[in-house]
Amino acid sequence: MLTTLRIENVAVIEKVTVQFTAGLNVLTGETGAGKSILIDSISAILGNRISRDLVRTGASKACIWATFDQIPKQIKLQLEQAGYDAGDELLIYREITADGKSSCRVNGMPATVAILRELANGLINIHGQHDSQSLTDPSKHLGILDAFAQNQSEFAAYRKVYKNLVAVKRQADALLLDEVEKQRRMEELRFQLQEIEDAALQTGEEERLSARRKIVSHAQTILEQLSNAHNALAGGDDYNGAADMLGDASGWMERAASLDESLMPLQDKLADLYYNTRELAVDLAARFEEYGFDPAELNHLEERLDTIYRLRRKYNADTVDDLLHMAQKAQEELEHIERADETLEQLNRQKQELYQQAKVLAEQLTQSRLKAFERMEEQLVDACTFLNMPGVRFALRHSRGPLAGAGQDTIEFYISTNPGEAPKPLAKIASGGELSRIMLALKSALAEKDSIPTVIYDEIDTGVSGLAASRIGEKLRQTSKGRQVLCITHTAQIAALATSHLLIQKNVDGQRTYTKIHPLDQAGRVQELARIISGDHITDLSLANAREMLSL
C-alpha cells in the first residue's frame, strides 16, 4: 500500500509530501491544479518513461520518493532475488535532471527502470483517463477476458507446444526447396567437392611449397656460398683452410703445454675447435648434392602453388585449411540435402503430432475463456445495474480460427444497453459515461482476482453525474475494502464517500506557480464539496447539500 508520496521540483509542484491511507482516498481540485502531475509522479516511480520537461523551471533536477507498507509476499521475493532488502517497508526513489539523466533507487540501493517496472506490476494498478477507450478496441478484449479467467496455466501449456510447432514448421519449410533449385545446388556442391578433392590438398602444404620454391629458385647462389664456406674451412690445393690452421695452432699449444701444464685447458679448447671445424667442413660438403638446380622441380612447385592460389581465389579462402574446411561443409550440406526427404518426413510427422497437441490445448484455453465470460457477464450485469445501467446485457462474439500465439480464438464484447435490443459491438453502442462505468465494473471484477494492494482511478467519473456518479462512488468504496483506492474526481457524490479527502490547490505567488496538497478535515470537506457543487460562488444551499452528502 502506498503510504507516502514526496515530490520536489516536478512541474508546478515545488515541494509536497502526501500521506495516503487504506480505503478510498479521493483527490479533488480545480482543473489544471496539478492532479495529472501527481499521476505522472506515481507513474515515474513505477518505472514508466519520464521527460525532463517535468523538471520545474530553474531547478537542476526533479525528485520523487514513494513509501509502501504491507508489501505483498511476491514483491518481497522479487526484492530478495534482486539483492535488495525486503523488510516491512519499501522506499522507491527516482530523479531526473534538467538535461534528461534519470536514476533510481530501491531501499537506498541503485536500481534500474526495468526493476521498477517489475515491482510495479504487483504494487499499483493505474486506470488512466483514456483507459476506458481500450474497451472500444476489440484487439484488447481477449487480454481482458484472460485476466478475468486467470488461465495462466492453460495459456502457458498451449504456448509451449505452439512454439515447438512453429519451430518444427520452420525447419520443414526450409527443406521444401524447389526441385530445380535443389538439383542445381547439389551439382554445385558436387563440383566444388570434386575440384578440391582432385587437388589432394594437405594441411600446411602451401607454406612448405613456398619454402621449397625459395630454395630451388636460389639453388645456384646457395651452392656457391656453401662452397665458399666449405673452402674457407677445408682449404684448397694451394692454400690452407681454417681447419688446417687450427691444427697447426693445436700442435704448437700441445708442445707448449708439455712444458707448462697450466696451458692444458687452452690446448684442449684448440683441439676441440680443430676437430669441430673439420667435422663442420665434412657436413658442408655433404650438402652440395642437395642444391643441384632442377628446372623440372621448380616447374612442378610453381604449378602446384598456382593450383592452390587459383582455388583459394575462386572460393575466397585465405588458406589451404580454409579450403579443406569448405569441402567438409559442402559434404555435410550435400548429405543434408540428400537426406532432406527423410528428414522432411520425420518433421512432418512431428509437426502433425504437435499440431494435434496444440489443438487440444487451444480448445482447453477456449473453454476456460468461454466459462470465464459466463461468470464475467454475470458480474458485469450486476455491477452495471448497480451503477445505474439497468437492463444492460453483454454478449461474446466468438469464433475459432487458425492456431496463433494467443490460441484459436477471435473475440469481441457486445452489449445491449436497452431491453429488447440485440447486443451490438461495445465500441459502437456505449457512450463515454457508460464506458467509464463498464470499465469500473471490469476493474472491480478483476480486483477480486489479483493481490495488487493499490488501485488508482484517474477521473473514472467522466461523462456521468447524478445517481450514476453516486453509484460509482459506492462501487469505489466497496472496492476499497481490503485494499487501497486512490481516485481523482470532479464529482461531489464520489468525493463525499472518501475515507480520506485530499485537496490539490494551485497558487500564484509573484511570477511563480505553486501547487499544494492538503488533507481536509470535516469543515474543509464541506467547503470543497460545496465548491464542486456550485463552483466559485459557494452558497448556503450548496454548503447544506455538502453537509447532507457527508452525513449520508
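Here is a short, friendly tour of this predicted model, in numbered points.

1. A good place to start is a pair of helices. Helix H7 covers residues 205-217 and helix H11 covers residues 295-314. Their axes come within 10 Å and cross at roughly 145 degrees, and the crossing is left-handed.

2. Which residues make that contact? From H7 they are Glu205, Glu206, Leu209, Ser210, Arg212, Arg213, Val216 and Ser217. From H11 they are Glu297, Leu298, Leu301, Glu302, Arg304, Leu305, Ile308 and Arg312. Sorted by class, the contact of H7 with H11 has eight charged, six nonpolar and two polar residues.

3. You may like to set this beside the database record. An unreviewed UniProt entry lists residues 179-206 and 298-364 under "coiled-coil region". In the model, the chain over residues 298-364 is 91% helix and 0% strand. The C-alpha atoms at the two ends of that stretch are 79 Å apart.

4. Next, have a look at a sheet. Three strands form an open sheet in the order E9-E10-E11, and their pairing is antiparallel. Strand E9 (393-404) and strand E11 (424-425) are the edge strands, each pairing on one side only. As general background, strands of a sheet pair through backbone hydrogen bonds, either parallel or antiparallel.

5. Within this sheet, the pairing of E10 with E11 can be followed residue by residue. Strand E10 spans residues 407-416 and pairs with E11 over two bridges, in the antiparallel sense. Tyrosine 414 stands opposite proline 425, which belongs to E11.

6. Which helices lie across E9 and E10? One is helix H4 (residues 141-149), running at about 95 degrees to E10. Another is helix H5 (residues 152-175), which runs at about 35 degrees to E9.

7. Finally, please visit a single residue, isoleucine 7, found in strand E1 (residues 2-10). Is isoleucine 7 buried or exposed? Its relative accessibility is 0%, so isoleucine 7 counts as buried, the cut-off for buried being under 20%. Setting aside neighbours within four places in sequence, isoleucine 7 is in contact with Ile13, Glu14, Lys15, Val16, Leu38, Ser41 and Cys63.

8. To place isoleucine 7 in the wider model, try jumping from there to asparagine 348. These two residues are 341 residues apart in sequence. In space, the C-alpha to C-alpha distance between isoleucine 7 and asparagine 348 is 61 Å.

Definitions and conventions. Residues are numbered from 1 along each chain as its sequence is written. This is a predicted model: local features need pLDDT of at least 70, side-chain atom pairs count only at pLDDT 80 or more; totals for chains, interfaces and linings use all residues. Side-chain values use heavy atoms; hydrogens and water are left out. Axes are lines fitted to C-alpha atoms, for helices over the stretch in contact, and angles run from 0 to 180 degrees between N-to-C directions. Helices (H or I, at least four residues) and strands (E, at least two) are DSSP runs, numbered from the N terminus. A crossing is left-handed if the near helix is turned anticlockwise from the far one by less than a right angle, and right-handed if clockwise. Contact means heavy atoms within 4.5 Å. Ala, Val, Leu, Ile, Met, Phe, Trp, Tyr, Cys and Pro count as nonpolar, Asp, Glu, Lys and Arg as charged, and the others, Gly among them, as polar. UniProt positions are given in the numbering used here, feature names are shortened, and annotations may be inferred rather than shown by experiment. Two strands pair if DSSP finds at least two bridges between them. Buried means under 20% relative accessible area, exposed over 50%, partly exposed in between (1.4 Å probe, protein chains only).
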